[in-house]
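Hi,

Here is the structure I promised to pass on. Have a look at it first, and then read my notes below.

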Amino acid sequence: MTTAHRASGEARPGGRTARTRQAVLAAVFEELGHGGPAALSMERVAQRSGIHLATLYRRWRCAEGLVCDLLNGLSADVPLPDTGTLPGDLRALARSIGAFYADERIRSLIEAVVSAAARDPQAATVLRDFFSERLTLAGQMVVRAVERGELPPDTDPEAVMAALGAPFYYRILIARGPVDAALAESTATAVWVAARAGAYRRTEPHNGAPRDGR
């Protein structure tokens, strides 16, 4: 998931800081696969990565910071499609999200980030900023669709993208079921039909109330 957010341990690409971050985040990912979020600790990451513990505390402050940074790094593996149609874009992105969360370590990662956000204000900020930036970036698919005449001109791009992502996080965090191809296909189809019908149109305030009167 491409994002412009600069992570806490990141500096110039290819530099010493970048190499350190790469080694640390690789160790975090391996630790999540080995023992899950509950077993993750700064000490274990330092041992696996070969990076001094003091460096980890200075740059990431806590295990939650490591987990949030890892989410930012791995998100680059989910590209934003441009197939020429919104149904095609929604289907391609939904499939990519499904493939991304098919890895149990990544499922553990999102669980750990959400758990951290409930306890730690910094983690909550990172999580909120991550999803806000992602919705804005992915919303360009909707902007293109509006320009092509596929959707009503007042469609809210971020609302469409939030609707696409929501079923995946419900399945992972609440229902705790599998993220499979069927979920990706049904989600993409439902969001396209709803968007085409105007379900995600912006409502302008009128005398202090939304246009729909609620």
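Leaving aside its neighbours within four places in sequence, which residues is Leu56 in contact with? Keep in mind as you look that this is a predicted model. Going along the chain, you should find Val24, Met42, Val45, Ala46, Ile51, Arg61 and Leu66 in contact with Leu56.

I started with Leu56 because of its place in the largest nonpolar core: of the 60 residues there, Leu56 and Tyr101 touch the most other members. Domain 1 (16-72) and domain 2 (86-196) both contribute residues to this core, so the core lies between the two domains. As background, nonpolar side chains in soluble globular proteins tend to be buried together.

Now for the charged side chains. Searching the whole structure turns up twelve salt bridges, and here are a few to click through.

One of them pairs Arg21 with Asp69, at 2.7 Å from N to O. This pair ties together distant parts of the chain, with Arg21 in helix H1 (residues 16-35) and Asp69 in helix H4 (residues 63-74), 48 residues apart. Are these two buried or exposed? Both Arg21 and Asp69 are buried.

Next, take a look at Arg48. Its side chain meets that of Glu30 in a salt bridge of 3.2 Å, N to O. Here, too, distant parts of the chain are linked: Arg48 belongs to helix H2 (residues 42-49) and Glu30 to helix H1, with their positions 18 residues apart. Arg48 is partly exposed, its relative accessible area being 38%, and Glu30 is partly exposed as well, at 39%.

Arg48 also forms a salt bridge with Glu31, this one at 2.7 Å, N to O. Again the link runs between helix H1, which holds Glu31, and helix H2, which holds Arg48; the two residues are 17 apart. Glu31 is buried, with a relative accessible area of just 4%, since anything under 20% counts as buried.

Which residues do salt bridges with shared partners join into one network? They are Glu30, Glu31, Arg44 and Arg48.

If you only have a few minutes, I'd begin at Leu56 and its contacts, including Val24 and Leu66, then move on to the network that contains Arg48.

Cheers

Terms used. Residues numbered from 1 in each chain as written. Predicted model: local features only at pLDDT ≥ 70, side-chain atom pairs only at ≥ 80, totals over all residues. Heavy atoms only, no water. Core = buried A, V, L, I, M, F, W, Y, C linked by side-chain atoms within 4.5 Å. Buried < 20%, exposed > 50% of the residue type's maximum accessible area, 1.4 Å probe, protein only. Domains from an automatic or database assignment. Contact = heavy atoms within 4.5 Å. Salt bridge = Lys/Arg side-chain N within 4 Å of Asp/Glu carboxyl O. Helix = DSSP H or I, 4+ residues; strand = E, 2+ residues; numbered from the N terminus.
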